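Visitor: I would like to know how the labels on a model like this one are earned. Please take me through them one at a time.

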Amino acid sequence: MGGGFIGNLIAGKKDKKNNEQTFIDQLQEERVYTNSELKERDKKINDLYNLYYKSEDRNRELTNENSSLKWQLEREKVLKEQLQTENDGLKDKIDHLEKRVDELEKERKL
């Protein structure tokens, strides 16, 4: 009976040691898996930050372009108004000169 007990005790210690090793192996596998998951998560986070910064840069470019186009539009409106005013002034001069020519022609005929 003693030999069987010691055999069972030794076998139990071996089983305990095997169970501990199995548990350690499982923990190491979990750690490796968790690390790979964390690396993948970090990569996704970095990708999202990069996309965010790119979108911010693009937004800034578009805002600057929009401001520039608004400024150009305002400048062209002012230029158009100036040209319209100048054109109206020239039309008035032409009308005045045509009337004067008509008057001179009438005087000359007399």
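Guide: This is a predicted model. A place to begin is Glu40, which forms a salt bridge with Lys44.

Visitor: What makes the contact of Glu40 with Lys44 a salt bridge?

Guide: The closest N and O atoms of Glu40 and Lys44 are 3.5 Å apart. The rule asks for a side-chain nitrogen of Lys or Arg within 4 Å of a carboxyl oxygen of Asp or Glu. The pair therefore qualifies, with 3.5 Å set against a cut-off of 4 Å.

Visitor: How are Glu40 and Lys44 placed along helix H1?

Guide: They are 4 residues apart in helix H1, so about one helical turn separates them.

Visitor: Why is Glu40 called partly exposed?

Guide: Its relative accessible area is 41%. Buried means under 20% and exposed means over 50%, with partly exposed in between. Glu40, at 41%, is therefore partly exposed.

Visitor: How do you know that Arg60 forms a salt bridge with Asp57?

Guide: Their closest N and O atoms are 2.6 Å apart, and the limit is within 4 Å. Arg60 and Asp57 are 3 residues apart in helix H1, which means a separation of about one helical turn. Both residues fall in the middle class of exposure: Arg60 is partly exposed at a relative accessible area of 46%, and Asp57 is partly exposed at 39%.

Visitor: What makes Arg100 and Glu103 a salt bridge?

Guide: The N to O distance between their side chains is 3.4 Å, and the rule accepts a pair within 4 Å. Arg100 and Glu103 lie 3 residues apart in helix H1, about one helical turn. Arg100 has 38% relative accessibility and counts as partly exposed; Glu103 has 42% and is also partly exposed.

Visitor: How many salt bridges does the rule give?

Guide: The count comes to 7 salt bridges.

Visitor: Which residues make up the patch of negative charge on the surface?

Guide: Asp88, Asp92, Asp95, Glu98, Asp102 and Glu105 gather there. Asp and Glu count as negative, and a patch member needs over 30% relative accessible area and no salt bridge. Asp102, which lies in helix H1, has a relative accessible area of 43%. Asp102 therefore passes the area cut-off of over 30%.

Visitor: Which residues make the nonpolar surface patch?

Guide: Ile45, Tyr49, Tyr52 and Tyr53 make a nonpolar surface patch of about 430 Å². Ile and Tyr are among the side chains that the rule treats as nonpolar. Tyr49 is found in helix H1, residues 2–109. Over 30% relative accessible area is required of a member; Tyr49 has 46%, and Tyr52 has 43%.

Visitor: How many aromatic pairs does a search of the whole structure find?

Guide: The search finds 2 aromatic pairs. One of them is Tyr49 with Tyr53, a stacked pair at 6.2 Å centre to centre with 20 degrees between the planes.

Visitor: Why is the pair of Tyr49 and Tyr53 called stacked?

Guide: Ring centres must lie within 6.5 Å to pair, and planes under 30 degrees apart count as stacked. With 6.2 Å and 20 degrees, Tyr49 and Tyr53 therefore meet both conditions. These two residues are 4 residues apart in helix H1, about one helical turn. Tyr53 counts as partly exposed, at 48% relative accessibility.

Visitor: What makes the pair of Tyr52 and Tyr53 edge-to-face?

Guide: Their ring centres are 5.5 Å apart and their planes stand at 65 degrees, so the pair is edge-to-face. The angle needed for that label is over 60 degrees. Tyr49, Tyr52 and Tyr53 form one aromatic cluster.

Visitor: How many helices and strands does the protein have, and what percentage of its residues are buried?

Guide: The protein has 1 helix and 0 strands. Buried residues make up 0% of the 110 residues, buried being under 20% relative accessible area. The protein exposes about 10,900 Å², of which carbon and sulfur atoms supply 55%.

How values were computed: Residues are numbered from 1 along each chain as its sequence is written. This is a predicted model: local features need pLDDT of at least 70, side-chain atom pairs count only at pLDDT 80 or more; totals for chains, interfaces and linings use all residues. Side-chain values use heavy atoms; hydrogens and water are left out. Patches are made of residues with over 30% relative accessible area and no salt bridge: like charges are joined within 9 Å, nonpolar side chains (Val, Leu, Ile, Met, Phe, Trp, Tyr) within 5 Å. Accessible areas come from the Shrake-Rupley method with a 1.4 Å probe; for residues, only the protein chains shown count as cover. Buried means under 20% relative accessible area, exposed over 50%, partly exposed in between (1.4 Å probe, protein chains only). The place of a charge is taken as NZ of Lys, CZ of Arg, CG of Asp or CD of Glu. Rings of Phe, Tyr and Trp (its six-membered ring) pair if their centres lie within 6.5 Å; planes under 30 degrees apart count as stacked, over 60 as edge-to-face and the rest as tilted.
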